[in-house]
Amino acid sequence: MQIFNTMTRRKEEFVPIHPGEVRMYVCGPTVYNLIHIGNARPMIVFDTVRRYFEYRGYKVNYVSNFTDVDDKIIKKSLEEGVDAGVISERYIEECKKDMESLNVRPATTHPQATKEIDGMIEMIQDLIDKGYAYKAEDGTVYYRTRRFMQYGKLSHKKIADLRSGNRALLVTGEDQKEDPLDFVLWKPKKDGEPYWDCPWCKGRPGWHIECSVMSKRYLGDSIDIHAGGEDLVFPHHENEIAQSEAANGVPFARYWMHNAFLNIDNRKMSKSLGNFFTVRDILDQFDGQVIRYFMLTVHYRSPLNFSRELMESARTSLERIVNCASNLTFLLKTAEGACSPEEKDLLREARKFRASFEKAMDDDFNTADAISAIFELVKWINSNVSESSSADFLTELKGELVTLTDICGLVVDKEETLEEDLAAYVEKMIAERQAARKARDFARADAIREELKARGIILEDTREGVKWKKA
Ligand code: AMP
Ligand code: ZN
């Protein structure tokens, strides 16, 4: 498998640190509001990466944090007159609901910054002891950026270029840094802010230190993959590297993966432009599956343009895949027997779609090409199955389709996910309709057919009896 590594700017063969295992850390959202549609991109992309690794037989330890102490959370808590924890817990719950709607599986661990303060204090002290950090007069602890010789290696920035850009800070004397490049590890509390006791001052951690600490605690000093949106490359991930490698003395992550941004109608999403959408806004109009499908139709390193038209066309495309699966389910209700010799040959031919799917995913998780391979399979299935197909043939093909879509987190086999009660309900209604017909109560029989139709159930009267399928 090839992965594009932001650090080396090229695709590299994936070799895990521990054979058969993948340890990955994905920077999660700051929880002060409902997540926006841009935040959903890394969630969906890296959940798909995780699913593909699992399909390839790896055991994946997937950690994704919630940043639950931050200026924006504090601002909101002051506005609402509640504790910051009330705000963050509320939006963590809401975020989890959105993840479920998008079929993003919960991480192995979802650490929260406020529950890892001891670890942060420990790492900061370690950095001070090693000369990589210092306490300023007011109790703020800064990281001594220039001390870390490799600073800039991820974002390909040179220290010299960074200095000039930040010189203004030193001149205005706004802080007590030794150098304008230094960044905050711990800062003193202000009135009304949450704080923790520590050796330097009552206060709270800077943003970057939480990921270094949580990654170390749940995945170890060196991990396979560290991921997030491309805006995190600098300074967040650069600073994480500086902290972790100075403290631990070993490389932090082998592969750095970054998704490109999602734009709305070709413009950056922002509240001031009036084109800001939460996942919840979009879920009002489109199923979570459509959002997920849409996000995967573009390679994760390419910008993704989001628009109503594109979403509508995504819905239509996804329906084609779902219809193919329902058709197989429908045929399977009456199909029987083992594959004929011709069907065996056809199945051998059908395996080429899985091969192209894998080829695409092995090439830096090219979900766009992988989805094209699913479409090729759908087209092929539609032209190679019929009412005379054997049950084994149909089952094999359905398995193929479900396996590939499942890697993408798409649930196309609706019939299987239908609750037992729905199937029982439909059967009951069919029996009632048959009884009404027998009693020549055709109005009632038609009403039942319409009622089922309104619930997306289509009835078909055949010589073998009444069959039903989802529309
Ligand atoms: P934040 O809460 O801003 O830290 O964002 C959480 C995650 O969403 C990070 O990985 C960001 O890089 C990512 N992200 C934020 N905005 C967008 C966007 N418009 N498109 C894609 N990813 C984004
Ligand atoms: Zn992070």
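Let's start with the shell around ligand 1: sorted by class, it has seven nonpolar residues, eight polar ones and one charged one. That makes 16 residues surrounding the ligand, and the closest are Thr30, Asn39, Gly229, Asp231 and Leu262. Keep in mind that this is a predicted model, so treat the distances that follow as computed from predicted coordinates.

Three of those closest residues are worth clicking on for their polar atoms. Asp231 puts a polar side-chain atom 2.4 Å from an oxygen atom of ligand 1. With Gly229 it's the backbone that does the work of pairing up: one of its polar atoms is 3.0 Å from a ligand oxygen. Asn39 uses its side chain, where an N or O atom sits 3.1 Å from an oxygen atom of the ligand. How much of ligand 1 does the protein cover? On its own the ligand has 490 Å² of accessible area, and the protein covers 87% of that.

Now move along to helix α7, which runs over residues 233–248 and holds Asn239. Is Asn239 buried or exposed? Its relative accessibility is 2%, and the cut-off for buried is under 20%, so Asn239 counts as buried. If you set aside the neighbours within four places in sequence, Asn239 is in contact with Tyr151, Phe183 and His208.

Next, take a look at helix α13, residues 391–407. You can do a quick ruler check here: at 1.5 Å a residue, its 17 residues should span 24 Å, and the C-alpha atoms at its ends are indeed 24 Å apart, so the two agree. Which residues of α13 are buried? The list is Ala391, Phe393, Leu394, Leu397, Lys398, Glu400, Leu401, Leu404, Thr405 and Ile407. When you read through those numbers, it helps to recall that an α-helix has 3.6 residues a turn, so residues three or four places apart point the same way. Note that Lys398 and Glu400 are in the buried set too. After α13 comes Gly409, which has a positive phi, near 75 degrees.

Finally, zoom out to the whole chain. Its secondary structure adds up to 16 helices and 15 strands, and its C-alpha atoms fill a box of roughly 90 × 50 × 40 Å along the principal axes. Of its 471 residues, 50% count as buried. Among contacts between residues at least 6 apart in sequence, 75% join residues at least 24 apart. As for the outside, the accessible surface is about 22,000 Å², with 48% of it belonging to carbon and sulfur atoms.

Notes:
Residues numbered from 1 in each chain as written. Chains lettered and ligands numbered in written order. Predicted model: local features only at pLDDT ≥ 70, side-chain atom pairs only at ≥ 80, totals over all residues. Heavy atoms only, no water. Helix = DSSP H or I, 4+ residues; strand = E, 2+ residues; numbered from the N terminus. Expected span 1.5 Å × (residues − 1). Buried < 20%, exposed > 50% of the residue type's maximum accessible area, 1.4 Å probe, protein only. Near = heavy atom within 4 Å. Polar contact = N/O pair within 3.5 Å; in protein donor to acceptor, adjacent residues only side chain to side chain. Areas by Shrake-Rupley, 256 points an atom, 1.4 Å probe, with all protein chains shown as cover. Nonpolar A, V, L, I, M, F, W, Y, C, P; charged D, E, K, R; others polar. Contact = heavy atoms within 4.5 Å.
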